[in-house]
Amino acid sequence: MSALQIQTLLPPSPTATRFQWKKPPPTRVRIHAAASTSSPVDWVKATDVQFFQSDTRPIMLFDGVCNLCNGGVRFVRSIDPNRRIRYAPLQGESGRKLLQRSGRSPDDISSVVLVEKDRSYIKSEAVLRIMEHLDLPFPQLALMLKFVPLFLRDFAYDNVANNRYEIFGRSETEACDIL
């Protein structure tokens, strides 16, 4: 018998657990904005001046080539005569910066995002928050929909979002026609 086989047959000693090798913690990788900087970018601070210093209205980020998303923005704009919400396509430079501010990948176009000065909302929470900014009856409808559990609302949202191009199509011009 080899030494390894003998060790496995013997019961562990009480001191053996103190000296066992522990798996090292996973290595964390920090992504920096530029190779010359030594600290990660604080996207909230970096975007505050550009987007929220002079105008504190929330910004709705949407897929600029999705017909459903463009139709949703046109609908919200038509029932928001006071212009309480601003709009930016996810594919634009502003959208990419605001996605990073929201803790999302700058290439993530999977969800509508509502960016407020102090917080961001995604998926069904973003839709309900947008409804709260509109005139009657939308805030009341949003309040009623909040009684539906988040996992059910997001499940329904994801099913539509994942099939939006097949159901509603893509914009022929590959750009949003409302901005």
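## Salt bridges, strand pairing and nonpolar cores in a predicted model

Arg129 is partly exposed, its relative accessible area being 24%. The model discussed here is a predicted one. The partner of Arg129 in a salt bridge is Glu116, with 2.8 Å from N to O. Because Arg129 belongs to helix H5 and Glu116 to the loop between E3 and strand E4 (120-122), this pair ties together parts that are 13 residues apart in sequence. Glu116 counts as buried, since its relative accessibility is 12% and the cut-off for buried is under 20%. The pair also belongs to a wider arrangement: Glu116, Arg129, Glu132 and Lys146 are joined into one network by salt bridges that share partners.

### Further charged pairs

The structure holds 11 salt bridges in total. Side chains of opposite charge can pair when their charged atoms come close. Three of the pairs are set out below.

| Salt bridge | Closest N and O atoms |
|---|---|
| Asp55 and Arg57 | 2.7 Å |
| Arg129 and Glu116 | 2.8 Å |
| Arg164 and Asp63 | 2.9 Å |

In the pair of Asp55 and Arg57, Arg57 is partly exposed, with a relative accessible area of 28%. Arg164 and Asp63 form a salt bridge; since Arg164 lies in helix H8 (residues 164-168) and Asp63 in the loop between E1 and H3, the pair ties together parts that are 101 residues apart in sequence. Both Arg164 and Asp63 are buried.

Arg153, located in helix H7, presents another case. Arg153 is buried but has no salt bridge, and the nearest side chain of opposite charge, that of Glu125, is 4.6 Å away. The cut-off for a salt bridge is 4 Å between a side-chain nitrogen and a carboxyl oxygen, which is why a separation of 4.6 Å does not count. Leaving aside residues up to four places away in sequence, Arg153 touches Ser124, Glu125, Leu128, Leu145, Lys146 and Val148.

### Strand E1 and its partners

Strand E1 pairs with two strands. With strand E2 (residues 86-89) the arrangement is parallel and involves four bridges; within E2, Arg86 is the bridge partner of Ile59. The chain passes from E1 through H3 to E2 in a β-α-β crossover that is right-handed. With strand E3 (residues 113-115), E1 pairs in the antiparallel sense over three bridges, and there Met60 stands opposite Leu114.

In a regular strand the side chains alternate between the two faces of the sheet. In E1, Ile59 and Leu61 point one way, Met60 and Phe62 point the other way, and all are buried.

### Nonpolar cores

The largest nonpolar core comprises 20 residues, and those with the most contacts inside it are Met60, Val76, Ile85, Tyr87, Val112, Leu114 and Ile130. At least two residues of this core come from each of strand E1 (59-62), helix H3 (67-78), helix H5 (123-132), helix H6 (138-145) and helix H7 (150-162). H5 supplies the largest share, four residues.

Another core, of 10 residues, lies apart from this one; among its members are Phe52, Ala88, Leu98 and Val113.

Within the largest core, Val112 is one of the residues with the most contacts. Not counting residues up to four places away in sequence, Val112 touches Met60, Leu61, Tyr121, Ile122, Lys123, Ala126, Val127, Ile130 and Tyr157.

Technical notes:
Residues are numbered from 1 along each chain as its sequence is written. This is a predicted model: local features need pLDDT of at least 70, side-chain atom pairs count only at pLDDT 80 or more; totals for chains, interfaces and linings use all residues. Side-chain values use heavy atoms; hydrogens and water are left out. A nonpolar core is a set of buried Ala, Val, Leu, Ile, Met, Phe, Trp, Tyr and Cys residues joined through side-chain atoms within 4.5 Å. Buried means under 20% relative accessible area, exposed over 50%, partly exposed in between (1.4 Å probe, protein chains only). Contact means heavy atoms within 4.5 Å. Two strands pair if DSSP finds at least two bridges between them. A crossover is right-handed if, with the strands pointing away from the viewer, the path from the first strand over the helix to the second runs clockwise. Lys and Arg count as positive and Asp and Glu as negative; His and the chain ends are not counted.
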